[in-house]
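Please look over the model shown here before reading on. The paragraphs that follow lead through it one region at a time.

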Amino acid sequence: MPFDMTVYAATAITLIVIMDPPGQVPVFLSLVGRRSVEYRRKAAWQAPLVSLFVISLFAVGGRAILGYLHIGIPALQGAGGLLLLLVALQLLTGMGVSTAGQASDDVNVALVPLGTPLLAGPGAIAAVIVAVSESHGDVGAYIAIAAAILTAHVVVALALFYSTTLIRVLKIGGITLLAKIAGLLLAAIAVQLIATSVIGFAATA
């Protein structure tokens with residue numbers, strides 16, 4: 001089947017809007033700003049790679065995985081919201097912004113919270129599952145969805161990679177301020193996810 005450009009454009013735009021590359025930059029900088037240059041560069045490509053793996057996994061077998069575990073999208077949203085709320089509280093209290101090198105061996109922020117649930121969050125996962133479900137076995141549409149997923153993650157990787165140059169301008173004081181702002185925004189996102197989860201549970205009750 002021919003490549004479905006309509007499906008590609010719709011899926012790519014949806015994922016980019018949900019993953020919000022510019023919006024991830026403050027959170028990324030607040031989490032890696034005080035760590036080594038090597039760590040920052042590594043995290044800039046690791047986080048999108050982790051997200052790509054998770055979203056691809058759910059694109060291939062999302063419905064089967066959620067069905068087997070008896071998990072609905074509202075539960076996924078609630079779990080993601082709680083996890084983001086914990087990260088937000090750490091950023092707001094200063095616990096999540098450690099000094100350079102401290103806890104770098106213990107916590108890889110590229111995995112959590114950057115890779116998931118910030119990038120590969122409930123919204124992106126649900127969007128991919130819906131897109132695959134609406135393809136109805138069309139090979140061209142499947143290829144378009146795969147290309148769209150890859151495109152979205154390339155955009156995110158570029159945004160994170162080039163954001164590291166801002167650290168030279170922001171310095172330590174700027175990173176600390178950015179962490180507080182990012183924490184507040186993350187807390188709002190977390191509350192919204194939890195609220196959406198509760199509404200989803202109420203609608204299915």
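A good place to start is helix α6, which has twelve residues and reaches 16 Å from its first C-alpha to its last, close to the 16 Å expected at 1.5 Å a residue. Helices here are DSSP runs (H or I, at least four residues), as strands are (E, at least two), numbered from the N terminus, and the expected span of a helix is 1.5 Å times one less than its number of residues. This is a predicted model, in which local features need pLDDT of at least 70 and side-chain atom pairs count only at pLDDT 80 or more, whereas totals for chains, interfaces and linings use all residues. Residues are numbered from 1 along each chain as its sequence is written, and side-chain values use heavy atoms, with hydrogens and water left out.

Which residues of α6 are buried? They are P122, A124, I125, A126, V128, I129, A131 and V132, where buried means under 20% relative accessible area, exposed means over 50%, and partly exposed lies in between (1.4 Å probe, protein chains only). These buried residues of α6 pack against α1 (5–19), α3, α4, α5, α7 and α8 (167–204), with contact taken as heavy atoms within 4.5 Å.

Two residues from other helices show how contacts with α6 are made. F58, a residue of helix α3, counts as buried at 13% relative accessibility, and, when residues up to four places away in sequence are not counted, F58 touches I65, L66, I125 and I129. From F58 to Q90 there are 32 residues in sequence and 29 Å in space, C-alpha to C-alpha. Q77, which lies in helix α4, also counts as buried, at 15% relative accessibility; leaving aside neighbours within four places in sequence, Q77 is in contact with P122, L193, T196 and S197.

Helix α5 (residues 110–119) deserves a slower look. This helix is mostly covered, since seven of its ten residues are buried, namely A110, P113, L114, G115, P117, L118 and L119. P113 is found in α5, and the peptide bond that leads to P113 from V112 is cis, with omega near 10°. P117 is likewise found in helix α5, and a second cis peptide bond, with omega about 10°, joins T116 and P117. Most residues other than glycine have a negative phi, and most peptide bonds are trans.

Phi is the angle to look at in two of the loops. H70, in the loop between α3 (37–68) and α4 (73–93), has a positive phi of about 55° although it is not a glycine, and H70 is exposed, with a relative accessible area of 74%. H136 lies in the loop between α6 (122–133) and α7 (139–163), where its phi is near 55°, a positive value in a residue other than glycine. Is H136 buried or exposed? At 71% relative accessibility, H136 counts as exposed.

On the surface, L150, V154, L158, F161 and Y162 form a nonpolar patch with about 510 Å² of accessible area together. Patches are made of residues with over 30% relative accessible area and no salt bridge, like charges being joined within 9 Å and nonpolar side chains (Val, Leu, Ile, Met, Phe, Trp, Tyr) within 5 Å; a salt bridge is a side-chain nitrogen of Lys or Arg within 4 Å of a carboxyl oxygen of Asp or Glu. The accessible areas come from the Shrake-Rupley method with a 1.4 Å probe, and for residues only the protein chains shown count as cover. One residue of this patch, L158, lies in helix α7 and counts as partly exposed at 46% relative accessibility.

Separations along the chain and in space can also be set side by side. T6, placed in helix α1, is exposed with a relative accessible area of 61%, and its C-alpha atom is separated by 8.4 Å from that of A144, although T6 and A144 are 138 residues apart along the chain. V198, found in helix α8, is exposed with a relative accessible area of 51%; the C-alpha atoms of V198 and L84, 114 residues apart along the chain, are separated by 16 Å.

Finally, there is the matter of confidence. The protein chain averages a pLDDT of 86, and 93% of the residues score at least 70, pLDDT being the predictor's confidence in each residue, from 0 to 100. Over residues 96–105, however, pLDDT stays under 50, and the model has 18 contacts beyond four places in sequence for them. Where pLDDT is low, the predicted coordinates should not be read in detail.
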